[in-house]
Every structure is written in C-alpha cells, then in structure tokens.
Amino acid sequence: MEKKDTAIHMPKTDFPMKGNLNQREPEFYKKWEDDKVYENLLEKRKKENAPSYILHDGPPYANGNIHMGHTLNKVLKDIVVRYRSFKGYYSPYVPGWDCHGMPIEHKVAENLGSRAKTMTKPEIRRLCHEYAMKYVKLQGDQFKRLGIMGDWENPYLTLNKEYETKMVDIFWEMYKKGLVYRGLKPVYWCCRCETALAEAEVEYADHKSTSVFVKFKIKDDSKSKAKPGKDTYVVIWTTTPWTLPANVAIALHPDFDYAVYEGAGEKYILAKGLKTQFEEKTGISGLKEISVFKGKDLERAVCQHPFVDRDSLVINADYVTLETGTGCVHIAPGHGHEDYVAGLKYNLQILNPVDACGRYTNEFEMMKGEHVFAANEKIVELLKEKNVLLAQEQITHSYAHCWRCKSPIIYRATNQWFISMEKDNFRAQALNEVKNVKWFNEWGEDRITKMISGRPDWCISRQRSWGVPIFVFTCKDCGESIVTEKTIAKVRALIKEEGSDGWFKHSAKEILGDDCKCPKCGSDNVDRGSDIFDVWFDSGASSFSVLETRDDLSWPADLYLEGSDQYRGWFQSSLLAAVGFKGKAPYKSVISTGWVVDGQGRAMHKSLGNVIDPLSLIKKGGADLLRLWVASEDFTTDQPISDEIMSRVTDSYRRIRNTFRYMLSAVNDFKKEDMVPYEELSSFDKYALHKMQVLLDSLDNYYENFEFYRVYREFSNFCSLFLSSYYFDVLKDRLYTFKSDGKQRRGAQTVIYKMLINLTKAIAPVLAFTADEVWQFIPQELRNESHIQLEKWTVEKEPLLDAQTVEEWETFNKLRDAALKKIEDKRKEKLISHPYEAVVNIKYASAKLDRILKKLSKEEVEQMIIISGVSYSPAEKLEEKEWDFGLEITASKSEGIKCERCWRYVDAVGKDSEYPGLCSRCVENLG
Ligand SMILES: [Zn+2]
Ligand SMILES: [Zn+2]
Ligand SMILES: [Zn+2]
C-alpha cells in the first residue's frame, strides 16, 4: 500500500500582509477607471430599475489644495453613496465646484499687479476662469486619490453655461413673484479708489479720530414704557462725528440698566455701568440718580436730532456693550453694517448723504461738497454751536483701511439687489419647508429655523467682475431697472450660447436688439447692469442647475451632507432659492458634520502649527487609513486627528487586513460545489453564521443612520474579538488536519467563505481600496462581479438562532473563558507549554450547564477549548441554578502522546504501524 501524504492542509494566499496602500491605491483607482466601474455600476442599476438615491454634492471653492475638512466631507459622501449602491440603489455622485467669487478674482488681481488696471472685464474674467479650472483639476485628482467614486469626467461647475442658464430662470421666477428689489445697503467704501471693497480687501491700522459725547433731547416718550420726560437727554458717544448727519436712531441694550441722572442743571440718560467714565470725560461731576430702567423700557421713545430737523428713534440692539461711551449707540444705517441690520428690524430710513468721493451731497446741504474726514471738525463746531456737545477728545484706534491705497475707508450705503424675506410670505414659506425636511442632527432644524427667522433680506448683488451678472438693464435717462419677459428671454438665449461672458462682451443694444427700450420713459439709452450675483446665489441654485438639468439626476435631492457652517451658508441659500423657484425644499434630508480638530480638540490653524495635511498622510499610509479614520468617530461632532489617533486607526486596519488575509488563505482549495448545506453544519458553525448575520444587520442599520463610528467599532471588534481570537483559532484543527473534502472541513470553509464575501462587502463603503483588493483575490469562481463596487449586499440572510440557543452559546463561551484561564495558569506554572498538552475536568451542579454540554460532543468541546481531552463530573443531584453553580474546572497535563500531525496529546497515537507518529483521527483523515 502506498503511503499517504501526512502533510497538513496549510492555508495559503498571495494576498499581501502589508498593504503598501500609498503605492498601490493609485493603481487600483486607475483600474476602476479603465474598467469603467462607476459607469457600469450606474448602467447596471438602471437596467434593474433600481430606486434612486441622490446625494447632491455641496461645491467646494476651486482654490488651493484639499485639506482635512474636504477629506472628511468627501469620504463621508463616498461612504453614503457606496452604501446606497450596495443596497441596490441607483446612486450617482456628481461632484461640483464653486468657481466664481472674490477669492479667485483677488488672487488673479494680485498676480497681475498694476497690469490689472489696464485690463478689460472679459480679460480679467478669462484669467479667473483659467485659475478656477486649474484648481478644479487639481482638487479633482486629490479627491480621486481619496478613492471617491463619481462622475469626475463631467463634474458640475458654477461657471458652466447650463448652470448659469438655470440661474436666469430662478432669478426671473423670483422677480415675477416680487421677491427681488433694489435698495440701499452700506458697503465698505474707499473714497480715494471710489469703489466698494469686499471684506477681504480691508486692512486694519491705527487711526486718529475725534470722539464726541452728544446729547439728544427726548421729544416724545408716549410710546415707551419708561417716561423720563421731555426735558431729558439721551447721551450718545461716537468716534465718527461725520456720520451724525445720517443719524436716525439711538440703540440701547434691552437688558442693561440705564438711569436718568441729574447734573449741571440737566437730566441725562446713560447706562448705569458707564456713569463714572461719563463723569470723568465730561467733567460733569456729582450726577444724581433719579430713576433706573432697563434699556427695553425706553424702546420707541423719540428724540430730536441735534442739528437736522429729524426724529431719532430709541431702539434696542443686543450688540451694545458697556466697554466705552454711554451704552447709547448712535445709529446711521447708511454708514454701518450693524446699524443697517438694526435699521431693517425697525424699518429705519437708510440715509447716505455722501458721494463716491466721500463728500457730502445736497442731502446734507449745510456742508455740501465737504469731505467727510475734513468735516469732522466742522461737525464738532456745529455741535458746540447747538449746545449739544458734552465732551470731545482725540483717540487712536484700530480702523479699516483700503488694502490698495491704504486710505481710511468709510461705510457708505449704495444701491444693491435684494431678495425680500417678507414679500409673498417668503420667510413663512421657507420656515414651513424646513419642517418638511428630515434634519438628522438633533439641533439642525432648530438652528436653521432660527437663522431663517432672524435673517435680514438677502443682498444678492456684488460690485465685482468674476461672477454671474444680475440679469438687469438700466435706463440711463430715467434710472429705471429693466427686467421684462422679453429681456429675460434674450438674456437666457445669450447665457445659454455664450455663458455669462457674453454679458460682459456685448452691449445692451447687441443683447436686446429691438427690445432695447426703457418701458418707463421709452428711451433706448439703456445699459446692462454691472453687478454680479453673490456666490451664495450661484451655489444656492445648484439643486436646479444640476439635479434638474442632468438626465442621471433628479430633484429634490435625498440628502445634503456638509459642515455645520452650511446652515448659514449652502443649506440656507439652497433652501431659499428652491422655495423662491419651486415653493419647495431642495432636499429631503440634511446631515451636518463637525470640524476636524487636533488631538487636544483645538481647531487647526497655521499659527498654532497643528494643521494636518491629508495629502502627506496619504503619502505616508494611503487613503484607506484616512477613510477608516473618517469612519472611526461620530462625525456629527468635532472629529479629532493626531499621530496617536492615526496610529490606533492603523493598528485596527492591520487587524482587519489580517482577518481578510486569513479568510482568503482558508478557502484557497474551496469551490462552490464544496458548500455544505446549512442543516448539515455543526452547531458551532451555525452559531458563527448567526453572529455574522447579527453583525451585518446592525452594520446595515448603522450605515443607514450615518453612525459610521459604530460600523467601525463593531466591525473591528468582530474581526479581532470573535474571529481572530476565537472562531478562527477553533477552526484551525479542522481546517488543517481533517479530511480535505470531509464535511467538517468543508463546513468550516463554507462559513469562512460566507464571511469573506459578506464582510468584504460590509466594509467596502469605508475601505474602498482594500475591499476591492481582497475581492480580486477571491477566486473568480467564488464571486460574481469583477469589482466589488458592482456587487449588492446579499438579500438572502443566514438563519438566526433562537434566543435560547444564543444564550446557551454565550454561557458556553463563559465556560470556555474560565477553562482557558485555568490552562493559562498551568502554562504560567510551566506545567505545560501548549494548550494541547492539557486536559480539563469540569465539575458542576447546574442543570442548565448539563443541558448545554449534552448538546455538544466531547470532541466538539475539546476543539472549542483547543485541548486534548475533556471530562465532566456532574453532581448527582443537578439543580436549576446559575450556570456556574458548583463549577470547578481543573486543568492538568495530558497523559497522551503528542501526535506529530495535529499536535494533540492523545492515547490514540501510534496505533497504526504505517503511521506510528500519528493519532488515529489523523490516520483516518489522511489523503
Ligand atoms: Zn483705496
Ligand atoms: Zn427710462
Ligand atoms: Zn493527530
């Protein structure tokens, strides 16, 4: 008789232990592109008539390299989209970019230096376009490097013609509803450059100003709760006396204490907390307190303007402080942003008696032609003359200056375009739509509700070049703004054909042709407007510009997922644009992320030196580690990252990778026809499948609810706690030494195969690269699709065990742990060196444990504890008590001989003369 091969069945796989992700991921991505994985996936789902799930991408700004915020944002979206695809949805992902706006225009101007002044708007716009496209490409490649799957060949850009064309429709619809109007709003203004400045163009430097204390006489206290009387003065303090001609109100903090004081033969109202300071500055000493009231009690009292025939209303504002002055703040809505916002609330007049060069106009006749800074002294003289000046002094303070000419700048009200929150019940409509959206963050609905409730009208115009023009013409003769059905049709055709560049290239006459006529005065002296849209209007239009214009998408979106700053930004601008255009919210649900912070929870800042660059992390360890990090924390709160955190994530990754590697190696000689039917599996294998199914169900649930950190935690635990340190350990004996195609070994392989397929799919939304890498190592015959992305999560579930059986297994696991501890003790005592040298005796009086042990064969129990022998000593009288009732476990050294093949120490070694070193089980299992 020929001697049989006694070698054990060693597991084997070529799947590398080390990922080398940093080098190999780009190859994987290229393969996805070459194999058109994204396109094929969508095609496949379309054929299946799959329901769609649209995550609409919020466009990042096309400027600079990607940072950790982008990384968190894009990976989360990718996890959602991949999950939905696995669940059988048609879930396209169309990435987008916000391409217009000041930062790009600013960069381009900076690069041009003095040449910028000699260039035309179309020329500047061309450079801005190039600049944006450069970063679209750069960031696109960086996003792909993160493994983000989507339509990168054809992203949406806010500078695309189709995109801009849709903006014409939205604007027109809102215009028709009466939501769009022209009004005054203060902007930063440089009198020397004669231009409005954006926030980013303003620098702060020390500046000398004259500050004044001015008294405003109360004229009417009938509408206020407090009645200080008409002979009382409200005292204001200001560092810009030149803005006093535009004063229309005085703001008090609603909750501060104010008092009427008597001194110098007059009565003054000021904040109690500033009395001493007031006495020092004015030299009026010994003020006597007459009465005290809250700021809100004086609301609606009316004062007389000190030198103009005009009322000045007492209002309340929360931004009033007690730092300096009187706690009563002079309000000129035409000359300050906070003043302006307060003015909107009280419907105050916005006065701007100052021209583009900074000179008073005839609106302030008294000093017409006077430059405002030079006028300060004259105003002080005037105040003295009118006997309303209580004190003056020179102060040096930080003041806004022009970034270009370094001159001090002013706030000046100019004509802007607005979307009214009140017309057509717009605010109420928007608030109502908020209620129809599912806000995943507990506080999300409350936050956006508060923001929409409290926001002023939306100023949609900017005086810049790089953006979409506001589609309005103006009559140069009568000043009328011209927007009609006819002009809009012409503009729409123009934008569709040439994009918004067309607007800047052609004259009004060229654009409008015969319709170039003012409907008010009939003049054909018409100009196109020079304002462009606020970029938030651009991106706010995206739900229509993108979802409605592309065949693969549909409106409204199922989900918006962005940083928590977008309640103020994109969530809101998108909602307003959608309610204005369609009367409906653009999304069905919204979830927001926190910030990426450092290990100590601090925001990342260049100045703190704690900025972590995703690109260098990718270079170091690969994108899948970053993706795993994204999944590792609850993203709805702030998400920390540090070297220490990354090294923890790396450890988890290694354990997960090793788990997959082991599974691949264990099924290396397994084929589909080797599959053992469920009924024929051992009870332990059924238990393992039960555990897997419970895990898969909860992971599904976690993905669905955006609890990716739970996916991460439970998946890692399952791999390391159940699989690596229990199930796989137990299976080794069966896999390595049992008959290669016997039911016991094939049964184990059946379970491992199912786990391999299902667990790879389950983590694939997170570990996009690794999962597909694993997939490629699964023999073709054992999988369906060429790439894992094309797969679906298995609909057919493994049977779950009944609750009692599960509980019995849990009890058995406790017994096992107790036995392992005893064996470990013996190993520490150096009585044995390997668990297989041990045999265990279990003494118990629990009827429950008796029932559990009787369901298992001794061989099974030995296999599960990984020992060479087990014996039981049940008490004579078993009782229904705790499972560990009377439990005593003793481990001792086996008296058997070590089998060369299976390493167990059993009596049955040497029974076969052919194979003297083997146990009889091994002899039986040979071949
Ligand atoms: Zn300037
Ligand atoms: Zn006209
Ligand atoms: Zn053996």
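Contact here means heavy atoms within 4.5 Å. With that in hand, welcome to a short tour of this predicted model. The stops are a pair of packed helices, a helix that is largely enclosed by the rest of the structure, and the cysteines of a structure with zero disulfides.

**The enclosed helix, α26**
- Helix α26 spans residues 847–854, and six of its eight residues are buried, so the rest of the structure largely encloses it.
- The buried residues of α26 are A847, K848, L849, D850, I852 and L853.
- Their cover includes two helices, α25 (803–828) and α27 (858–865), along with the strands β27 (838–846) and β28 (869–879).

**Helices α4 and α5**
- Two packed helices are described by the angle between their axes and the distance between the axes.
- For α4 (residues 102–112) and α5 (residues 121–145), the angle is about 110 degrees and the axes lie 9 Å apart.
- That angle makes α4 roughly perpendicular to α5, and the crossing is right-handed.
- On the α4 side, the contact is made by I104, E105, K107, V108 and L112, while α5 brings I124, L127, C128, Y131 and A132.
- Sorted by class, this contact has eight nonpolar residues, two charged ones and no polar ones.

**Cysteines**
- A disulfide is a covalent bond between the sulfur atoms of two cysteines.
- The structure holds zero disulfides, and for C191 the nearest cysteine sulfur, belonging to C190, is 6.5 Å away.
- C191 has 9% relative accessibility and therefore counts as buried.
- C518 also counts as buried, because its relative accessibility is 3%.

Notes. Residues numbered from 1 in each chain as written. Chains lettered and ligands numbered in written order. Predicted model: local features only at pLDDT ≥ 70, side-chain atom pairs only at ≥ 80, totals over all residues. Heavy atoms only, no water. Axes fitted to C-alpha atoms, helices over the stretch in contact; angles between N-to-C directions. Helix = DSSP H or I, 4+ residues; strand = E, 2+ residues; numbered from the N terminus. Parallel < 35°, antiparallel > 145°, perpendicular 65-115°, else oblique. Left-handed = near helix turned anticlockwise from the far one by under 90°. Nonpolar A, V, L, I, M, F, W, Y, C, P; charged D, E, K, R; others polar. Disulfide = S-S within 2.5 Å. Buried < 20%, exposed > 50% of the residue type's maximum accessible area, 1.4 Å probe, protein only.
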